[in-house]
Amino acid sequence: PQPIDPLIIALIPSSGADIHTTITTFFEDDGKTLDYQMGRYSETEIIYQTIMSESNIVVVPRALGDGFPTQVTQRMYEFHFRGFGRVVNSVVCNGVVIRESNDKVVPGWWVEQQEKGRLEVVVVAVGRYDTEQVLKVTVAWV
């Protein structure tokens with residue numbers, strides 16, 4: 001199997017709460033052997049928190065597991081905010097401002113119009129990072 005690159009993380013708004021936190025785990029191994037039983041796997045923790053008009057995502061690669069020989073050392077990340085119905089004010093990743101990109105240049109963010117009657121998606125593509133580096137992404141909404 002091919003490594004997942006970019007890793008696309010789909011996010012949806014909470015059900016009306018002003019403050020909401022979700023923690024989930026992305027598990028990966030070589031996809032071929034049972035080596036995960038000996039600790040040769042990787043778990044990436046994804047913490048997603050919405051506080052009023054701000055969405056914060058923290059990605060903690062290799063939070064658990066010893067890794068595996070064919071694991072990628074760098075990966076692109078995309079965050080897909082589905083159905084938020086709000087306008088982006090600013091996007092920051094690890095202290096660096098991510099600009100709007102109508103041409104879908106990475107790093108950048110843009111709005112994808114879905115099929116008629118479907119919700120729009122705000123895509124934040126932060127670029128390529130080492131898979132051992134923690135990512136902190138903040139989206140401020142108008």
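A cavity is a set of grid points where a 1.4 Å probe fits but cannot get out, and its lining residues have an atom within 4 Å of a point. Keep that handy as you work through this predicted model.

**Exercise 1.** Find which residues line the largest cavity, and sort them by class.

*Solution.*
Step 1. Start with the count: there is one cavity of 30 Å³ or more. The largest cavity has a volume of about 40 Å³.
Step 2. Now pick out its lining: Glu28, Ser42, Thr44, Pro61, Arg62, Gln71, Arg75, Tyr77 and Thr131.
Step 3. Sort them, and you get two nonpolar, four polar and three charged residues. Pro and Tyr count as nonpolar, so Pro61 and Tyr77 make up the nonpolar pair.
Step 4. Check the strands. At least two residues of this lining come from each of β3 (42-51), β4 (54-64) and β5 (74-82).

**Exercise 2.** Describe the largest pocket: what is its volume, and what lines it?

*Solution.*
Step 1. The volume of the largest pocket is about 230 Å³.
Step 2. Its lining has 14 residues, and those nearest the pocket's centre are Pro1, Pro3, Asp29, Asp30 and Phe68.
Step 3. Split that lining by class: five residues are nonpolar, five are polar and four are charged.

**Exercise 3.** Work out the strand order of the open four-stranded sheet, and say which strands sit at its edges.

*Solution.*
Step 1. A quick reminder: strands of a sheet pair through backbone hydrogen bonds, either parallel or antiparallel.
Step 2. Here the order reads β1-β5-β9-β8, and the pairing is mixed.
Step 3. β1 (7-11) and β8 (108-112) each pair on one side only, which makes them the edge strands. From one strand to the next, the twist averages 20 degrees.
Step 4. Zoom in on the middle of that order. β5 and β9 (residues 121-130) run antiparallel, with nine bridges between them. For a pair to look up, try His80, whose bridge partner in β9 is Val123.

**Exercise 4.** Strand β6 pairs with β10 and with β7; trace both pairings.

*Solution.*
Step 1. Take β10 to begin with. β6 (residues 88-93) and β10 (residues 135-141) are antiparallel and share five bridges. Ser90, for instance, is partnered by Ala140.
Step 2. Now turn to β7 (residues 96-97), which pairs with β6 over two bridges, again in the antiparallel sense. Val92 faces Val97 of β7 here, standing opposite it.
Step 3. Look at the link: β6 and β7 make a hairpin with two residues between them. In that turn, Asn94 has a positive phi of about 50 degrees.

Conventions. Residues numbered from 1 in each chain as written. Predicted model: local features only at pLDDT ≥ 70, side-chain atom pairs only at ≥ 80, totals over all residues. Heavy atoms only, no water. 1 Å grid on protein atoms, 1.4 Å probe; cavity = no way out; pocket = protein on both sides within 12 Å on 5 of 7 lines; lining within 4 Å. Points joined across faces, edges and corners; volume = space filled by probe spheres on them. Pairing = 2+ DSSP bridges. Axes fitted to C-alpha atoms, helices over the stretch in contact; angles between N-to-C directions.
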